[in-house]
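Got a few minutes to poke around a chain together? Have a look at the fold below, then we'll go through some questions.

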Amino acid sequence: MRRGVRLGVDPGDARIGVARCDPSGVLATPVETVRRGKGDLRRLRQLVAAEEAVEVVMGLPRSLSGGEGPAAEKTRAFARALAERIAPVPVRLVDERLTTVTAEAMLRDQRKGQQRRAVVDQVAAVVILQHALDSERATGNAPGEVVALGSAAEAGTDVEETHE
């Protein structure tokens with residue numbers, strides 16, 4: 001198992017859940033929920049620096065059959081934009097199927113409304129990161145795929161304008 005703090009990120013349309021793990025990569029815990037939009041990449045860069053993260057693990061939404069649609073495209077563009085800002089810290093994309101459902105089930109009956117939504121995003125990030133850590137521990141291989149550095153403009157998005 002590689003050592004070092006990793007951040008787990010669950011990017012949604014309105015909020016981004018963030019989690020972290022301990023340096024030995026055993027346990028993921030919630031950190032915060034970042035509002036999606038202007039300044040979100042800056043805040044994530046600050047969290048990477050503050051936590052001295054060696055890697056960011058981001059959930060990639062796939063369909064139940066494993067395919068990728070428009071949500072996965074948006075996530076890939078966001079991941080590239082983040083990877084450019086935090087390099088040389090790598091960003092890895094991991095399958096996040098059913099993580100929000102799992103997070104919702106874990107929080108059932110605990111909170112209501114906006115508070116619950118923000119916590120669900122953090123718990124989804126915890127689930128994504130914990131799954132990646134467990135997978136690495138079981139297989140000895142780093143989880144998911146590393147995001148290649150490349151311009152967000154090449155991906156056909158305006159991430160620069162809406163997030164910085």
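Q: Where is the place of Pro143 in this predicted model?
A: Start from the two elements on either side of Pro143: helix H4 covers 113-139, and strand S6 covers 145-146. Pro143 falls between the two, so look at the stretch joining them. Its place is the loop between H4 and S6.

Q: Is Pro143 buried or exposed?
A: The call rests on relative accessibility, and anything under 20% counts as buried. Pro143 comes in at 8%, so the label is buried.

Q: Which residues does Pro143 touch, leaving out those up to four places away in sequence?
A: One partner is 51 residues away along the chain: Arg92, with 7.5 Å between its C-alpha atom and that of Pro143. Contacts are counted on heavy atoms, with a cut-off of 4.5 Å. With sequence neighbours up to four places away left out, the full list is Arg2, Arg92, Val94, Ala132 and Glu136.

Q: Which side chain makes a polar contact with the side chain of Asp121?
A: Asp121 sits in helix H4, and it is buried, with a relative accessible area of 6%. Not counting residues up to four places away in sequence, it touches Asp10, Arg15, Gly17 and Thr33. The side-chain polar contact, at 2.5 Å, is with Arg15.

Q: How many of the seven residues of strand S2 are buried?
A: S2 runs over residues 15-21 and is mostly covered. It pairs antiparallel with S1 (residues 6-11) and also antiparallel with S3 (residues 28-35). The buried count for S2 is five.

Q: What is the bridge partner of Val9 in S2?
A: S1 and S2 form a hairpin with three residues between them. Five bridges join these antiparallel strands. Across in S2, the partner of Val9 is Val18.

Q: Which residue in the turn between S2 and S3 has a positive phi?
A: S2 and S3 are joined by seven bridges, and Ala19 stands opposite Pro30 in S3. The two strands form a hairpin with six residues between them. In that turn, the residue with a positive phi, about 70°, is Gly25.

Q: What percentage of contacts between residues at least 6 apart in sequence join residues at least 24 apart?
A: Zooming out, the chain has five helices and six strands, running β-β-β-α-β-α-β-α-α-β-α from the N terminus. Buried residues make up 45% of its 164 residues. For contacts at least 6 apart in sequence, the share joining residues at least 24 apart is 67%.

Methods:
Residues numbered from 1 in each chain as written. Predicted model: local features only at pLDDT ≥ 70, side-chain atom pairs only at ≥ 80, totals over all residues. Heavy atoms only, no water. Helix = DSSP H or I, 4+ residues; strand = E, 2+ residues; numbered from the N terminus. Buried < 20%, exposed > 50% of the residue type's maximum accessible area, 1.4 Å probe, protein only. Polar contact = N/O pair within 3.5 Å; in protein donor to acceptor, adjacent residues only side chain to side chain. Pairing = 2+ DSSP bridges.
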